[in-house]
Amino acid sequence: MNRRCEESVPLIGPYLDGELHEEDLAWLEDHLVACPACTARRELIRAQGNAIRERAAARAGTADLSGVADAVFARIDREGSQPKTPPLTVWGAEMWGAHRAALSASAGVALAGCLALALFLMPARPAPVAIASAQSLGASIDEIDFENHEGVVMQNGATTTIWVDDHAAVQQ
Amino acid sequence: MNESRKTPAAAQKSDAADDKPLVRAAQRGDRAAFRALVTKYQRRVYQLAVSMLKDPDEAMDIVQETFVRVHRYLPSFKGDSSFFTWTYRIATNLCLDVSRKKGRVERVDIDETDADIEAHMDPPSAAFAGPQRAALNEELKEKMDEALASLSEKHRSVLLLRELDGLSYEELAKVLGIRKGTVMSRLFHARLKMQRKLREYLGEEAKDEEPDVPEGEEERR
């Protein structure tokens, strides 16, 4: 393929489509007259187009479309003609399909934010449910100040459990 | 009313002008006018849908759904594009939705890198321009479905829209929601791939190298 052919090839389609600018048009037509290879390329594209049209026309030509308008009006009358909001499930599925990465990242950030907020707002008393539960079983509970930390020592028979809360340390 | 068949670009302009009174009447609620529009364009929409989906039943559903949506959104149609282009856009999107739901859409064309675009647009046999052309055209038609099916959805849709109804690049850009340069690029690659497939069927071997025209090279001309 020589240089002129290389420059011609991308122009042949637009040429057949009637989309070539005038300055390219004259240049390409000159080349086509002199170049059997590019003429063959043009003919192949043209033949492709004809074949596509004929195939589609043959396929569509036999279809019975006589009831389409009635069917359309029947649906319009049944469903109303106002725009409807698509069902939430459809909207959600489409959004997930289109923005999967962004939604995943947003969910991760939101989860991290929730965890951080929960830690920030968590009451200083550690494990209140466990402590209440232990108290109900007769364990002794002592609140201890560990200087930088607050904590609780729970004695239940021979078992000693120390709860340390680093909330105070974080705040310092 | 007669249905509209394949329409050359020049005839489309007169179609668009003819449509305006019908569209305005339909917007006012004139059912006869809307019926006339449906009757006029239903076969072209069907032709597009059946070519894209290869399933007559699905194509029929697409035709109905297209015109139901056209009717639904007709009050908001301002006539910036032709009625037909607007209708085609709805139909095309519905076809793509159906393809997507069936997993037919190839999100990535793994075979369209520059390195792979080689030796597939070398001169086809001289028969394409010679006396055997008619016979080859018959053979091409038989293989056309297979070659079209081998294209990605984005390439098939742009090629069908162009070849079936002769939409201009500007109209294709509107229908597909892409830039005009992207239309040119996709058409080039779609035709290239079609040729590659058809040449395989015809048993031709590539002879020389294809110029580099990377997909995405836009707006050069």
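**Exercise 1. Work out how much surface chain A exposes and which atoms supply most of it.**

Chain A exposes about 10600 Å², an area from the Shrake-Rupley method with a 1.4 Å probe. Carbon and sulfur atoms supply 59% of that. Next, look at burial: of the 172 residues of chain A, 28% count as buried, where buried means under 20% relative accessible area, exposed over 50%, and partly exposed in between (1.4 Å probe, protein chains only).

A quick note on the ground rules: this is a predicted model, where local features need pLDDT of at least 70, side-chain atom pairs count only at pLDDT 80 or more, and totals for chains, interfaces and linings use all residues. Residues are numbered from 1 along each chain as its sequence is written, chains are lettered from A and ligands numbered from 1 in the order in which they are written, and side-chain values use heavy atoms, with hydrogens and water left out.

**Exercise 2. Describe the fold pattern of chain A.**

Start by counting: chain A has eight helices and three strands. These are DSSP runs numbered from the N terminus (helices H or I, at least four residues; strands E, at least two). Then read along the sequence, and you get α-α-α-α-α-α-α-β-β-β-α.

**Exercise 3. Find what lines the second largest cavity.**

A cavity is a set of points on a 1 Å grid over the protein atoms alone where a 1.4 Å probe fits but cannot get out, and lining residues have an atom within 4 Å of a point. The second largest one has a volume of about 40 Å³, the volume being the space filled by probe spheres set on the points, which are joined across faces, edges and corners. Both chains show up in its lining: Ile52(A), Arg55(A), Ala56(A) and Arg59(A) are there, along with residues of chain B including Met144(B) and Asp145(B). H3(A) gives the largest share, four residues. By class, the lining has five nonpolar, one polar and three charged residues.

**Exercise 4. Is Val175(B) buried or exposed, and what does Val175(B) touch?**

First place Val175(B): helix H7 (residues 169-176) of chain B. Val175(B) counts as buried because its relative accessible area is 0%. Now the partners: beyond neighbours within four places in sequence, its contacts (heavy atoms within 4.5 Å) include Tyr88(B), Thr92(B) and Leu161(B).

**Exercise 5. Locate Gly79(B) and classify its exposure.**

Gly79(B) sits in the loop between helix H3 (56-73) and helix H4 (83-101) of chain B. Its relative accessibility is 40%, so Gly79(B) counts as partly exposed.

Conventions
On a 1 Å grid over the protein atoms alone, a cavity is a set of points where a 1.4 Å probe fits but cannot get out, and a pocket is an open set with protein on both sides within 12 Å along at least five of seven lines; lining residues have an atom within 4 Å of a point. Ala, Val, Leu, Ile, Met, Phe, Trp, Tyr, Cys and Pro count as nonpolar, Asp, Glu, Lys and Arg as charged, and the others, Gly among them, as polar.
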